[in-house]
Structure formats: structure tokens, C-alpha cells
Amino acid sequence: MKVVLRNPRREVDVAGPRRVKDVLKELRIIPETVLIIRGDELLTGDAMLDDTDTVELRPVMSGGGVGPGHLP
Amino acid sequence: MKCTKCGDTAILELRRHNAAFCTPDFLTFFRRQVAAAVRKHRMFTRDERVLVAVSGGKDSLALWDVLIEESYQTSGLYLDLGIHDYSVESKAKCEAFAAARGVPLIVSSVAEAVGAPVPVMQKVTRRPACSGCGLSKRYLMNKAALDHGFPVVATGHNLDDEAATLLGSVMQWQTDALSRQSPALPSTHRRLARRVKPLYRLSERETAAYAFLRKIDYIVEECPFARGATSIAHKEILSRMEAVSPGAKHNFLFGFLEKARAAFERSETVRLEECERCGQVTTGTICAFCRLADEVKRSS
């Protein structure tokens, strides 16, 4: 699947099928710091993604162009 | 995951509330949180005109959207900071939002008021851009409210903003700042508009979700000057705490507001005067904004 990240905008490929929460864990992103967007819908952590999906992980943190929050 | 309310497919999980919502139930939840904030702190009534400070970001536009939907009398205020493409894009977002909803938008230019845009102000003062920018925003928000007859200014500060500000103040034990941190600051002078934060009960993930679901076209990229800001570091720390302990931010902020804030309130009220130059409130004779404008003028 294609995962779109912001600030700066970039794309990474992640093998599917996989749940959203596992994709976030692989990318070391704190779930509370992003919206998970597929097309015009929001997804929860248990949603299943497959290889053909494109999902955007849109950072929600305002006050700085820092992208999503990462785990240490 | 199922919606806690109706059992339909959920679109957002709110771990701190031990809940998940579908789109209609999330939008209802969001509006109720705003209504609860407005009611609890008597922020404004439907008979009052409310000036909503908008930046083009998700929080302020989500706030304006909710207040329009709830039939409040609102006008937007966009402060053009003159920060290159960021300001051009954010202004366009605010203008498009206002035009689509047929609501008035007041635009005020920091460069016209101070004599230079924020990037030049930073070079002249040799202080962080956020310093002069914040001072200018507070001044111009109040000035616009006075000039246009608004008794109250509403800003899009959310739960994360407020928790991060609180953490910053506690880390430095800034007791003055702790005494002033509140979802609603009353007018303590005839030339001072009330300032309220109706989103303080909602996290920034919730405001982002609301903006997305309401198809609000907001600027996702943030101010280039905010990179590396201490407030961002505080937000990241709090988000890590939230990840392992859902509700941590809420408990931190609400615990302060309900149990601790009163202990920091000043025993004596600060005497406010009117600036000899511009007439806006100050604790001295010339306000900090006029002094900043002088500094800019001297160097140009």
C-alpha cells in the first residue's frame, strides 16, 4: 500500500494486508497525532488495509510544521 | 470498530472517553462539547456579536463553522502576518471559507500596523518570530474588536494547545501566566474585549477530524517559524503520555482549572492604563506594541 506523509510531503510503501494500528507501529507514529484518511473517509486503528490502498497520515499537531509525532 | 452510540462503523476512536463514533455521532459530540464550553464559562450569547480569529488552520475554521451552524452572530478576523507563501495560502483559505458561507471577514495587516511583516520583525528585534507575532496578534485582535464593536474575541485554542501552554508555564513556574490561563478571560477594562476559547474541551485530533468531515479546506502545513518551538516539544511529550495513559492531557488541564488555578490568582488586580500613544490598554505608559513599532521604525 501507499502511505502518504506530510510536512514534508512524501510517500512510503508498506506491505499489506495489515491493520492501520500495525502500520502506525511500523512507522513509529503515535496514533493520537494523525488522522488516517482513505479517500473521503476516516479510519480507526482496527481497519484493515490491503496492497491496493492509498492512505494519508495527516498530522494534527498545530503550531509547527512538524509532521506526525514519533515514538522515541 | 463500532460506534458507541449507534453501532454503525466508527470513524474515530476517542480513547480518553473510552468511546468511538460514526460521522453523525462524532459531529454531534463535537458540537455538544463546544456548547458545554460556551455555557459553562458564559462565553457569549446569541445576542452578542462574536469576532472569531481565524488563521486558515483547522482549529479556527472548525470553530467558526460550529458557531455559524449554531446560529451565533459571527465575523472572522484574519491577521495577515506577511509570512511569505504561508500567509498567502492561509488568507486565501479564510476568504474562500467566508465567501462560501456568506459571512463577513475582516482582514488586518501586521505589516501595516507595525511597519514590517513578521519575518522582518524577527530580524529587527533579534527575538524569536513567535514573540513579536504573538504580541501583534493579541494587540490587533483587541483593536479589531474595539474598532468594529465586538465585545468578545473567540480563538481556536484546543485542549492540546492549552495543556502544552500549561506544561510550559509549570516548567518555568510562571505564576502570572498560570493565573491568566483560562478558557474565558473577562474584560477588566472598558477598552479590553473578552477573550474565549470554545474548543478547549476538544483535542486537536478531534478538531482535525471535524474539519475533515465538514470538508473544510484548511491549511495543513503549519507556520514555518514554529519549527523547533518549545511548545511543539511540549505537545510531543504530552502526546507520548496520552498514548500510554489516555486522558492524561485532559486530566492535566482540567485538574489545573478545577483544583489549582485559583491558588495562582493574583491577590491584587493589575492596574490597567490606556497607552498614551494608541489608547489600548497597558500596564505602563506606552504599550508593548507601540514600543515594538518604534523599534521597527528606528531600524528601517
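**Group meeting: the sheet of chain A and a helix of chain B**

Chain A contains one helix and seven strands, and I should say at once that what we are looking at is a predicted model. Reading from the N terminus, the elements of chain A follow one another as β-β-β-α-β-β-β-β. Buried residues account for 39% of the 72 residues in this chain, and, if we take the contacts in chain A between residues at least 6 apart in sequence, 63% of them join residues at least 24 apart.

Let me turn to the sheet. Five strands of chain A make up an open sheet, in the order S2-S1-S7-S4-S5, and the pairing within it is mixed. Strand S2 (10-13) and S5 of chain A are at the edges, where each has a single partner strand, so one side of each has no neighbour in the sheet.

I will go through the pairings, beginning with S1(A) and S2(A), which run antiparallel and are joined by four bridges. These two strands form a hairpin with four residues between them, and in the turn A:Asn7 has a positive phi of about 55 degrees. Within this pair, A:Val4 is found opposite A:Glu11 in S2(A).

Strand S1 (residues 2-5) of chain A also pairs with strand S7 (residues 54-59) of chain A, this time in the parallel sense and again over four bridges. Here A:Lys2 has A:Thr54 in S7(A) as its bridge partner, A:Val4 has A:Glu56 in S7(A), and A:Leu5 stands opposite A:Leu57 in S7(A). S7(A) in turn pairs with S4(A) in the antiparallel sense, over four bridges, and in that pairing A:Ile37 has A:Glu56 as its bridge partner in S7(A). A:Glu56 is therefore a residue to look at on the screen, as it is the bridge partner in S7(A) of both A:Val4 and A:Ile37. As a general reminder, side chains in a regular strand alternate between the two faces of the sheet.

What does chain A put against chain B? In terms of contacts, 22 residues of chain A meet 30 residues of chain B. On the chain A side, the elements that give two or more residues are strand S4 (34-38) and strand S5 (41-42), and the residues of that side divide into eight nonpolar, nine polar and five charged.

Now to chain B, and to its helix H1 (residues 23-40), whose 18 residues reach 26 Å from the first C-alpha to the last, close to the 26 Å expected at 1.5 Å a residue. Which residues of H1(B) are buried? They are B:Phe26, B:Phe30, B:Val34 and B:Val38, and, seen down the helix axis, they fall within an arc of 115 degrees, so they line one face of H1(B). These buried residues pack against strand S1 (12-14), strand S2 (19-21), helix H2 (58-69) and helix H9 (204-213) of chain B. On the other side of H1(B), the exposed residues are B:Arg32, B:Ala36, B:Arg39 and B:Lys40. Just after this helix, B:Arg42 takes a positive phi of about 45 degrees.

I will close by going back to the sheet, with its strand order S2-S1-S7-S4-S5 in chain A. H9(B) packs on this sheet, touching S4, S5 and S7 of chain A, and its direction makes about 25 degrees with that of S4(A). H9 of chain B is also among the elements against which the buried residues of H1(B) pack.

Definitions and conventions:
Residues are numbered from 1 along each chain as its sequence is written. Chains are lettered from A and ligands numbered from 1 in the order in which they are written. This is a predicted model: local features need pLDDT of at least 70, side-chain atom pairs count only at pLDDT 80 or more; totals for chains, interfaces and linings use all residues. Two residues are in contact if their C-beta atoms, placed from the backbone, lie within 7 Å. Ala, Val, Leu, Ile, Met, Phe, Trp, Tyr, Cys and Pro count as nonpolar, Asp, Glu, Lys and Arg as charged, and the others, Gly among them, as polar. Two strands pair if DSSP finds at least two bridges between them. The expected span of a helix is 1.5 Å times one less than its number of residues. A residue is buried if 20 or more other C-beta atoms lie within 10 Å of its own, exposed if 12 or fewer, and partly exposed in between; C-beta atoms are placed from the backbone. The arc is that of the directions from the helix axis to the C-beta atoms. Axes are lines fitted to C-alpha atoms, for helices over the stretch in contact, and angles run from 0 to 180 degrees between N-to-C directions.
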